[in-house]
Amino acid sequence: MHDFDPAAIKPYALALFGAAKGQGVLQDVAEQARELAQGLEATPAARVFLQGPHLPTDDKVAYVNKVAADRFPVLLKNFLLLLIRKNRMGIIIPVLKEVYRLYQQEQGMAQGSVTTPKPLSDDEKQRLQETLENYTGQKLNLHYVVNDKMIGGIVFKSGDLLIDSSLTGKLSKLREKLLHAKVA
């Protein structure tokens with residue numbers, strides 16, 4: 001696989017984001033970028049094929065032209081071809097994720113995760129989403145995680161914000177208070 005160059009992620013993502021916005025296709029490109037990143041993460045064979053140095057660039061270009069023909073916006077397909085020709089496919093997934101993050105940020109959305117001890121119903125997710133959006137003042141794209149080791153409650157993370165209302169978190173805070181309490 002190609003070396004991963006984290007410093008290249010932001011410039012490439014900003015270039016694609018800016019071009020898509022300038023052409024009026026930002027929503028389509030951002031949503032397709034998210035789907036493509038998820039697809040590549042779920043398909044190691046495609047990732048190895050596109051990122052591996054063992055295959056000629058022309059084969060990769062032909063593959064992208066064939067697969068992306070009607071599936072992706074032209075701008076996104078051309079971006080993929082650029083990364084192949086520049087030997088930068090090692091950063092494709094983080095670049096695509098960053099494009100989608102920038103799009104969400106522009107739309108006033110923030111990423112967040114909610115961890116619970118058991119799966120939530122759709123109604124519970126909806127109520128929790130509304131509560132968290134009211135609390136943060138932002139639209140949220142929430143990712144739900146089940147941690148069966150939690151005793152109860154929820155843990156919410158978004159950016160620098162952490163709300164831990166889990167029983168484990170509350171017990172930990174109580175333990176800290178008791179450890180630092182002065183006995184009279």
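In this predicted model, the axes of α2 and α6 come within 8 Å and cross at roughly 140 degrees. The crossing of α2 past α6 is left-handed. On the α2 side, the contact is formed by L26, Q27, A30, E31, A33, R34, L36, A37, L40 and E41. Helix α6 contributes I92, I93, L96, K97, V99, Y100, Y103 and E106 to this contact. Sorted by class, the contact of α2 with α6 holds 12 nonpolar residues, 1 polar residue and 5 charged residues.

Helix α2 also packs against helix α5, which covers residues 74-85. Here the axes are 9 Å apart and the angle is about 50 degrees. Because angles between 35 and 65 degrees fall outside the parallel and perpendicular ranges, α2 is oblique to α5. Its crossing past α5 is right-handed, whereas α2 passes α6 in a left-handed crossing. The residues in contact are V29, Q32, A33 and L36 of α2, facing L75, L76 and L80 of α5. This contact comprises 6 nonpolar residues and 1 polar residue, with no charged residues. Two residues of α2, A33 and L36, appear in this contact and also in the contact with α6.

A further partner of α2 is α3, and the axes of these two helices lie 5 Å apart at an angle of about 100 degrees. Since 65 to 115 degrees counts as roughly perpendicular, α2 is roughly perpendicular to α3. The contact joins L40, E41 and A42 of α2 to P44, A46, R47 and L50 of α3. Its residues divide into 5 nonpolar, no polar and 2 charged. L40 and E41 of α2 take part here as well as in the contact with α6.

From the helix contacts, the description turns to the pockets. The largest pocket encloses about 270 Å³ of space. Its lining consists of R34, A37, Q38, E41, K97, E98, Y100, R101, Q104, Q111 and N141. The elements that give two or more residues to this lining are α2 (26-42) and α6 (92-106), and α6 gives the most, with 5 residues. Several lining residues also belong to the contact between α2 and α6, among them R34, A37, E41, K97 and Y100. By class, the lining of the largest pocket has 2 nonpolar, 4 polar and 5 charged residues.

The second largest pocket holds about 220 Å³ of space. It is lined by 14 residues, of which L36, L40, L50, Y63 and V67 are the closest to its centre. At least two residues of the lining come from each of α2, α3 (44-51) and α4 (57-67). L40 of α2 and L50 of α3, both listed among the residues closest to the centre, are also part of the contact between α2 and α3. L36, likewise listed there, belongs to the contact of α2 with α5. The lining of the second largest pocket divides into 11 nonpolar, 2 polar and 1 charged, whereas that of the largest pocket has 2 nonpolar, 4 polar and 5 charged.

Conventions
Residues are numbered from 1 along each chain as its sequence is written. This is a predicted model: local features need pLDDT of at least 70, side-chain atom pairs count only at pLDDT 80 or more; totals for chains, interfaces and linings use all residues. Side-chain values use heavy atoms; hydrogens and water are left out. On a 1 Å grid over the protein atoms alone, a cavity is a set of points where a 1.4 Å probe fits but cannot get out, and a pocket is an open set with protein on both sides within 12 Å along at least five of seven lines; lining residues have an atom within 4 Å of a point. Grid points are joined across faces, edges and corners, and a volume is the space filled by probe spheres set on the points. Helices (H or I, at least four residues) and strands (E, at least two) are DSSP runs, numbered from the N terminus. Ala, Val, Leu, Ile, Met, Phe, Trp, Tyr, Cys and Pro count as nonpolar, Asp, Glu, Lys and Arg as charged, and the others, Gly among them, as polar. Axes are lines fitted to C-alpha atoms, for helices over the stretch in contact, and angles run from 0 to 180 degrees between N-to-C directions. A crossing is left-handed if the near helix is turned anticlockwise from the far one by less than a right angle, and right-handed if clockwise. Contact means heavy atoms within 4.5 Å. Angles under 35 degrees count as roughly parallel, over 145 as roughly antiparallel, 65 to 115 as roughly perpendicular and the rest as oblique.
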